[in-house]
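Work through the following exercises with the sequence and the model side by side, and attempt each task before reading its solution.

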Amino acid sequence: MIVQKLLTLMARTFGAKGETVCRLLKSLVKYISVIAMLYFCLALLGIDTATLLASAGILTLIVGLGAQTLVSDILAGLFIIFEGEFQVGDIVTVGDWTGTVVEIGVRTTKIQDGNQNIKVISNSNVSGVINKTRDYSFSSVDLGIEYSESLERVENILQKEFPNIRKHLPNIIDGPFYKGVVALADNSVILRIVALCTEANRGQMDRDLNREIKLICDKYDINIPFPQIVVNQPTVIKQASEWEKEQARKFTEEQRELSANIMNEDEEEH
């Protein structure tokens, strides 16, 4: 208990890597202490611990053959610690689970998501890790404007308002930046705005950027389109003349023959 208390104090003093190592050492101390106390109690009872240790060696070999998964978990945990793939406090994605690493133990790793749910993953199953804390992240929002809106006017407004957005959102590390037109959608032109931030702030930054963009649209009367249904009277279909019908028939036949010739030539080449 004293050693664990000291390790806890050391974990608070050191950085993320120190905290990760101290947590691992706490787990090792717990298991080693239990085993040592067990043998000490047996010795007090007069049991020959030397013979017991020899027997334990045989028993360990037998158990080890059936506990390969446990050994794999322990070795994987050691590799995670000393290779520094991620540390306690890092935001990572393992499989379909994203969250903050709260503990790296001898056998398992615990990751807590945004809803405070903790997933316990065996160290041997920790693979394909995406560490989102090692570098900064981009917060990205898309703005849809009407086709009737002047794109150049909106771009000039964004240029003027970007410094104000930077002042209102101090968690922005760099930006915001205008990435241009990313899509011509059914009823809108989609513009993309991004800002550099930490992964821990990215979710809130998305919401804050959306709010700032909405306020800018309200301020400058930039219309954000929404799905609409336009009902029109049926259009009168124009009838083709006899000459046009004949020309159309000849055109389709010529195209059919040209297509067939191309296919035949391609088959002969192969």
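**Exercise 1. Find the number of residues between β7 and β8 in their hairpin, and describe how the two strands pair.**

Solution. β7 and β8 form a hairpin, and four residues lie between them. The structure is a predicted model, in which local features need pLDDT of at least 70 and side-chain atom pairs count only at pLDDT 80 or more, while totals for chains, interfaces and linings use all residues. Residues are numbered from 1 along each chain as its sequence is written, and side-chain values use heavy atoms, with hydrogens and water left out. Strands here are DSSP E runs of at least two residues and helices are H or I runs of at least four, both numbered from the N terminus; two strands pair if DSSP finds at least two bridges between them. β7 and β8 run antiparallel and are joined by seven bridges. Two positions can be checked by eye: L184 stands opposite V189 in β8, and the bridge partner of A183 in β8 is I190.

**Exercise 2. Place this hairpin in its sheet, and explain which strands stand at the edges.**

Solution. Begin with the strand order, which is β6-β8-β7 in an open sheet of three strands with antiparallel pairing. β6 (137-145) and β7 (174-184) each have a single partner strand and therefore stand at the edges, so that one side of each is left without a neighbour in the sheet. From one strand to the next, the twist averages 25 degrees, where angles run from 0 to 180 degrees between N-to-C directions and axes are lines fitted to C-alpha atoms, for helices over the stretch in contact. Next, follow β8 (residues 189-197) to β6, to which nine bridges join it in an antiparallel run. Within this pair, D142 stands opposite R192, and S139 has A195 as its bridge partner. Finally, consider burial, which means under 20% relative accessible area, with exposed over 50% and partly exposed in between (1.4 Å probe, protein chains only). Eight of the nine residues of β8 are buried, so this strand is largely enclosed by the rest of the structure.

**Exercise 3. Determine how α5 and α6 lie on the sheet and how they pack against each other.**

Solution. Helix α5 (residues 151-168) lies across β6, β7 and β8 and runs at about 155 degrees to β7, whereas helix α6 (residues 199-219) lies across β6 and β8 and runs at about 25 degrees to β6. The two helices pack at an angle of about 135 degrees, with their axes 11 Å apart. That angle makes α5 oblique to α6, because angles under 35 degrees count as roughly parallel, over 145 as roughly antiparallel, 65 to 115 as roughly perpendicular and the rest as oblique. In contact terms (heavy atoms within 4.5 Å), I157, L158, E161, I165 and H168 of α5 meet L209, E212, I213, I216 and K219 of α6.

**Exercise 4. Is D73 buried or exposed, and which residues does it touch?**

Solution. D73 lies in helix α4 (residues 68-83), and its relative accessible area of 2% makes this residue buried. Leaving aside residues up to four places away in sequence, D73 touches V106, R107, S122, N123 and S124. The C-alpha atoms of D73 and N123 are separated by 4.8 Å, although these residues are 50 residues apart along the chain.
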